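I set down here, in order, what I looked up in this structure. The entries cover helix packing, one residue and a strand pair.

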Amino acid sequence: LYQHARGDERLIFLLGLNCGFGAAEMGQLKVEDFHIKSQHRHPWNEERGSVLVFRRPKSNHVGMWPLWPETEKAFEGLMEGRCEKSGHVFKRRDGDSLYRHTSRNPSFAFANLWQRLTNRVSEQHPEFPRLPLGMLRGTAWALLKQHCSGDVVRAFSGHGTAYRDHVYRIHDGHHEAEACQRLREILEPVFEDEAN
C-alpha cells in the first residue's frame, strides 16, 4: 500500500498508522493542527519534533502525536501545491472538506480514495485482500496492544482518562509519543525501500 500510494492517499495511509486516525478524524484535520518543526518555534517541537495536535471528535480527547518523517514529508508534499495554507487538509475541488457531515455517508470520499489505492495494488498483486480504510487504525491498535501498556493504547486511540482530560485539562502527550515511537520501530520494514 505504501509503495503504491500517491499524494493524499499516502498521507491517509500514514495518518491511519502514525496517529490511529480514521476518516472522521482525517476529514476534520485543519492545516493549523500540524506543527511542523521547520515552520514553528514551540516547546513541543523542541522536545518531540513535528507534531499533530488534534481534538478527537467523538471522545473530545486532545492528543499530541509526534509525526514520523514520512508523515511530515507527505503532509508537506500535499501542501506544496496549494495557494492558501489554512482550512481543511483534505479538500474537494470546491474547497470544502472531503468529509461531509451532512451526508448519509460522510466518509464516502475517503472510501473512494482508499478503493482507488487498493485497486492499483490489486492490479499488480491479485492476492491482495481488499480491506477497508479502518483497518489501518485496527492494525495500529493491534500492534500497540502487543507492545505497550493499556494507558498508552488508550491515549493513542483517543480514549484518555476522564480525570486527566476533563477535570484538569493537563496533557503532555507522553503516551502518544511512546506509542508513535514504538509503532515506527515495528513498521520500519515498510519504509526501508524508500530510504535506500
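I took the helix pair first: in this predicted model, the axes of α6 and helix α9 (residues 174-186) come within 10 Å and cross at roughly 100 degrees. I therefore recorded α6 as roughly perpendicular to α9, since angles of 65 to 115 degrees fall in that class.

I then listed the residues that make this contact. From α6 I noted Ala140, Leu143, Leu144 and His147, and from α9 I noted Ala179, Arg182, Leu183 and Ile186. I sorted the residues of the contact into 6 nonpolar, 1 polar and 1 charged.

Next I turned to arginine 137, which I located in helix α6 (residues 135-147). Is arginine 137 buried or exposed? I entered arginine 137 as buried, because its relative accessibility is 18% and the cut-off for buried is under 20%. Setting aside neighbours within four places in sequence, I found arginine 137 in contact with Gly16, Gly20, Phe21, Gly22, Glu25 and Arg56.

My last entries concern two strands. Strand β2 (residues 51-55) pairs with β3 in the antiparallel sense, and I noted 5 bridges between them. Within this pairing, I found arginine 55 opposite valine 62 in β3. I recorded β2 and β3 as a hairpin with 6 residues between them. In the turn, I noted a positive phi of about 65 degrees at asparagine 60. I also checked how far strand β3 (residues 62-66) is covered: 4 of its 5 residues are buried, and I entered the strand as mostly covered.

Definitions and conventions. Residues numbered from 1 in each chain as written. Predicted model: local features only at pLDDT ≥ 70, side-chain atom pairs only at ≥ 80, totals over all residues. Heavy atoms only, no water. Helix = DSSP H or I, 4+ residues; strand = E, 2+ residues; numbered from the N terminus. Buried < 20%, exposed > 50% of the residue type's maximum accessible area, 1.4 Å probe, protein only. Contact = heavy atoms within 4.5 Å. Axes fitted to C-alpha atoms, helices over the stretch in contact; angles between N-to-C directions. Parallel < 35°, antiparallel > 145°, perpendicular 65-115°, else oblique. Nonpolar A, V, L, I, M, F, W, Y, C, P; charged D, E, K, R; others polar. Pairing = 2+ DSSP bridges.
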